[in-house]
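Biologist: Please take me through one part of this model up close, in plain words. I'm new to this, so explain the terms as you go.

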Amino acid sequence: MPRLEIADDGFRLDGRPLRIISGGLHYFRVHPEQWADRLRKARLLGLNTVETYVPWNLHAPRPGELRLDGGLDLPRFLGLAAAEGLHVLLRPGPYICAEWEGGGLPSWLLAEEGIRLRSRDPLFLGAVDDYLADLLPPLKPYLSTHGGPVVAVQLENEYGAYGEDTGYLADLAELLRAHGVDVPLFTCDQPADLDRGGLDGVLRTANFGSRVEAGLAELRRHQPTGPLMCSEFWIGWFDRWGGTHTTRDPADAAADLDRLLAAGASVNIYMFHGGTNFGFTNGANDKGRYRPTVTSYDYDSLLDEAGDPTPKYEAFREVIAKYAPVPAEPVPAPGRKLAPVTVELDSGAGLLDQTQRLGRAVTADRPLSMEQLGQAFGFVLYEATLPEAGPAVLRIDEVHDRAQVFVDGQPVGVLEREDHEHALGFAVPRRGTRLSVLVENQGRVNYGTGIHDRKGLLGRVTVNGEEPAGWSSRPLPLETLEGLAFTPVAPVVGPAFHRGHLHLDEPADCYLALPGWTKGQAWVNGFPLGRYWSRGPQTTLYVPAPVLRAGDNEITVLELHASAASTVELLDRPDLGPTQD
């Protein structure tokens, strides 16, 4: 069986020299019916390898459960890669970062109050052991040693930016080996973190997007012999709500790729195709201020969100052709797009009126976190009865992440984690008034010590200094919208669901635009497109052709505030917002 060898002078496969020219392609950010198209375009670029993370939180939504179906059918993705003649670099975590919700760590870990993530804590390592014991056996036939495409597996991810416990890395390596991984392991870290993130006997690789010579020199300083590899060659960046759309000049990025390959290094282009944070899956950063990541993971990559080649694709293909064979086929043409159309959303359902259809409430002395409720994504509705009329001040120790406050169903204000808001004043009209607080999980932190990111109302919650008794905590994960009762007249003031229909003769890729809408979520035929927010930069949501169908199509929007519009638009091009200067 072929085995990747790590020699003093580089990689070898079947005894022959191999330079890895790879591109990042995360199967969980791409509709599964589009995997084959993206992998074919990777081969046509001249890549011989693709890289993918594995999100533990999606594959194991609950302890002891493993999902390998639909968009999580990793064996199928690996088989399609092999069919294109591509090797695979597999990055199973347990932590992946990836600007993904919680860095891929499942939220149910945080139900353990004192757990220490990414450590030798038996609570954490025991869960990792169970996860790998479930995940890896079905993947064993796809290891190169068993005739499959996976030539190497990553050990953790940029651990040097988080900790320095080599014992933890050694434990993880032992678990991977114990569960059948017999291909080479590698670590990846930014140049300054190579010492803390490495493990003796495991190949070190570096992550950077510029200063190529300096990055390779630092890698060589820590690893005097063996292959030079940049495991994440950053050619763009991700965006956050309230920011600008990040881009990088194709010629500049291609010049740095040329420097990498001229130095004899192997490379993984991050990203070859970024894709989309569908549903509630985006992560967030918190370096003193909470910053949630947008729905699009376009990343200014070689293929845009719809899988169309960008100018960067052609520039990189020309560079790769100087160092490796590139197929003689032409650059793929852009895919067909739907002609622009406006859709009337002519029925509605108030969220606060529908909560009993969406989740079962739990009563306790104080608000329960999402993790205590066994919930990963979505919203929690907290409710309590106020004993006295008059002016009131609501104080919350920690809002994670955005709380809309209602008094007898009427909106009275919003508290946002991003702005460090903890208090809100309002008038209580009568004794027995119902206080409702709708809290949105806007994405668990995916980088740094902030990954211990529990969601909901955390700590003490008081009204005029007193803690209300008898809180109701109702999880609203919105995993399905079945059972909602719509009426012909949509509510004017949110939060409310709005629904409309569109007839199509033939599906095609398109982009949902919501001019006049404020903030919320959108679905097409029940498929969760992701979050929208008028603050931008992103103003359209990618709609993959496979979620549409010939005939009737249903569009549903959850608007959290008031909407000045009753229509949405399907466009033939995206708007990811203004770019930085």
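Modeller: Here is a walk through one small sheet, one helix contact, a loop residue and a few cysteines.

First, some ground rules. This is a predicted model, where local features need pLDDT of at least 70 and side-chain atom pairs count only at pLDDT 80 or more, while totals for chains, interfaces and linings use all residues. Residues are numbered from 1 along each chain as its sequence is written, and side-chain values use heavy atoms, with hydrogens and water left out.

Let's start with the sheet. Helices (H or I, at least four residues) and strands (E, at least two) are DSSP runs, numbered from the N terminus. Three of those strands form an open sheet in the order S1-S2-S3, with antiparallel pairing; to pair, two strands need at least two bridges found by DSSP. Strand S1 (4-7) and strand S3 (16-18) are the edges, each pairing on one side only. From one strand to the next, the twist averages 40°. Strand S2 (residues 10-13) runs antiparallel to S3, joined to S3 by 3 bridges. Want a spot to look for? Phe11 stands opposite Leu18 in S3.

On to the loop between strand S4 (21-25) and H1, which is where Gln34 sits. Gln34 counts as buried because its relative accessibility is 8% (buried is under 20% relative accessible area, exposed over 50%, partly exposed in between, with a 1.4 Å probe and protein chains only). Leaving out residues up to four places away in sequence, Gln34 touches Asp509, Tyr542, Pro544, Ala545 and Pro546, where contact means heavy atoms within 4.5 Å.

Next comes the helix contact. Helix H1 (residues 35-45) packs against helix H9 (residues 311-320) at about 45°, with the axes 9 Å apart. Axes are lines fitted to C-alpha atoms, for helices over the stretch in contact, and angles run from 0 to 180 degrees between N-to-C directions. So H1 is oblique to H9: under 35 degrees is roughly parallel, over 145 roughly antiparallel, 65 to 115 roughly perpendicular, and the rest oblique. H1 brings Lys41, Leu44 and Leu45, and H9 brings Tyr313, Phe316, Arg317 and Ile320.

Last, the cysteines. A disulfide is a covalent bond between the sulfur atoms of two cysteines. Searching the whole structure turns up 0 disulfides, counted as cysteine sulfur pairs within 2.5 Å. Cys230 has its closest cysteine sulfur in Cys188, 9.2 Å away, so that is too far for a bond. Cys230 is buried, at 0% relative accessible area, and Cys510 is buried at 0%.
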